[in-house]
Amino acid sequence: METLLDDTFNHANVGIAHVAPDGRWLRVNDSLCQLMHLSRARLLQTRFQEITHRDDLDSDLVLLGQLIAGEIDSYRIEKRFYRGDGRLIWVDLQVGAQRDEQGGLRYCISTLLDITARKQAEALATEMRQRLAYALDAGGLGEWSLDLRSGEAERSRRHDEIFGYVDSPPDWNYNIFLRHVYPDDRTRVHQALRQSMATGNEWAFDVRILRRDGVLRWIWACGRVTLVEHGQPVRLSGVVQDITRRKRYEQGNRLLAEIAAPLASLDDDPHRLQSVVLLAAPDLADRCAIELLQADGGIHRVADSIHGSGPVPPASSPLVGTDVIGQRLSLA
């Protein structure tokens, strides 16, 4: 039996050591020497405290103290060591107690598994998440992830702000989202979701929503399946953005195109012109005005949805023509 245990100790592919209560290495296997980049003779001349990263030492010593006092029989931590070549490595350290007949600690039995690659991958993933969060925030994008089985959703703070929440609600799911969608658009949104789940294509749409405060806004949302189990989609993740300003701009341009010819044939009746600007604002723009460009380059505002009509300073380059050479409708 002793020979079998010795073979296990010496040939294991993880580091194994017997460590004295004061931290001295009493016995080490080849795998541990390779992990630490130290010869057996050099390692046996050190204590684990000497090669432990200082930020991880106190937590290890606290647990060791509890082990010595008999309060615990084992412990496990992740900690950093400095190798013989100066490189910092992460290990998964598991420590058990070998006690004498009186219960005192004779030595610790420690196993050390190199987890440096895993820690580096975790650090990289954290950095990428931080970069993504910055990019989303800079673009005014909210992030969301929908569990297709339960309907429950995780989302970012920006997502909730788009829907009018100053304080994020504790719960959010697909049905809550759908209640925010403008009633006339709900069927289209739901059908698009079902098609996305069936085909694996993106779930992308522009839609009107009613924010928590009742204000009507436009959003763009886009998502795709990010997790599949047993051939079935189970998670959909994506982004959402408030596009109200863009929609108003697009509608304003369409309005300009539609009324350009009729507007040119209107006379200068201020009441009729004022009616035009009031129809355009505020649904299509925060402000709408009609201005007359005159032969001397001056601009006369004859209708304004906010401030009424009035003169505007002359243009920098005078225009030449008849008394009134054109009308301009501007949306802001």
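The following paragraphs describe a five-stranded sheet, the helix that lies across two of its strands, and a buried arginine in a loop of this predicted model.

The sheet is open, and its five strands follow the order 7-6-10-9-8 with antiparallel pairing. Strand 7 (153-155) and strand 8 form the edges; each has a single partner strand, so one side of each lacks a neighbour in the sheet. On average, neighbouring strands are turned by 25° against each other, direction ignored. Strands in a sheet pair through backbone hydrogen bonds, in either a parallel or an antiparallel arrangement. Within this sheet, strand 6 (residues 141-147) and strand 10 run antiparallel and are joined by seven bridges. Trp144 stands opposite Gly238 of strand 10.

Helix 9 lies across strand 8 and strand 10, and runs at about 160° to strand 8. This helix comprises 14 residues, 186-199, and reaches 20 Å from its first C-alpha to its last, close to the 20 Å expected at 1.5 Å a residue. Val189, Leu193 and Ser196 are its buried residues. Viewed down the axis of helix 9, the buried residues fall within an arc of 65°, so they line one face of the helix. The underlying periodicity is general: an α-helix has 3.6 residues a turn, so residues three or four places apart point the same way. The buried residues of helix 9 pack against strand 8 (203-210) and strand 10 (232-242), and also against helix 8 (174-180). On the other side of helix 9, the exposed residues are Thr187, Gln191, Arg194, Gln195 and Ala198. After the helix comes Gly200, which has a positive phi, near 80°.

Elsewhere in the chain, Arg83 occupies the loop between strand 3 (74-82) and strand 4 (88-99). Its relative accessibility is 14%, and because buried residues are those under 20%, Arg83 counts as buried. The side chain of Arg83 makes polar contacts with two other side chains: one of 2.4 Å with Asp85, and one of 3.2 Å with His37. Asp85 is thus joined to Arg83 by a side-chain contact, while His37 also appears among the residues that Arg83 touches beyond its neighbours within four places in sequence. Those residues are Leu35, Met36, His37 and Ile89.

Definitions and conventions: Residues are numbered from 1 along each chain as its sequence is written. This is a predicted model: local features need pLDDT of at least 70, side-chain atom pairs count only at pLDDT 80 or more; totals for chains, interfaces and linings use all residues. Side-chain values use heavy atoms; hydrogens and water are left out. Helices (H or I, at least four residues) and strands (E, at least two) are DSSP runs, numbered from the N terminus. Buried means under 20% relative accessible area, exposed over 50%, partly exposed in between (1.4 Å probe, protein chains only). A polar contact is a pair of N or O atoms within 3.5 Å; within protein, one must be able to donate a hydrogen and the other to accept it, and residues adjacent in sequence count only if both atoms are side-chain atoms. Contact means heavy atoms within 4.5 Å. The expected span of a helix is 1.5 Å times one less than its number of residues. The arc is that of the directions from the helix axis to the C-beta atoms. Two strands pair if DSSP finds at least two bridges between them. Axes are lines fitted to C-alpha atoms, for helices over the stretch in contact, and angles run from 0 to 180 degrees between N-to-C directions.
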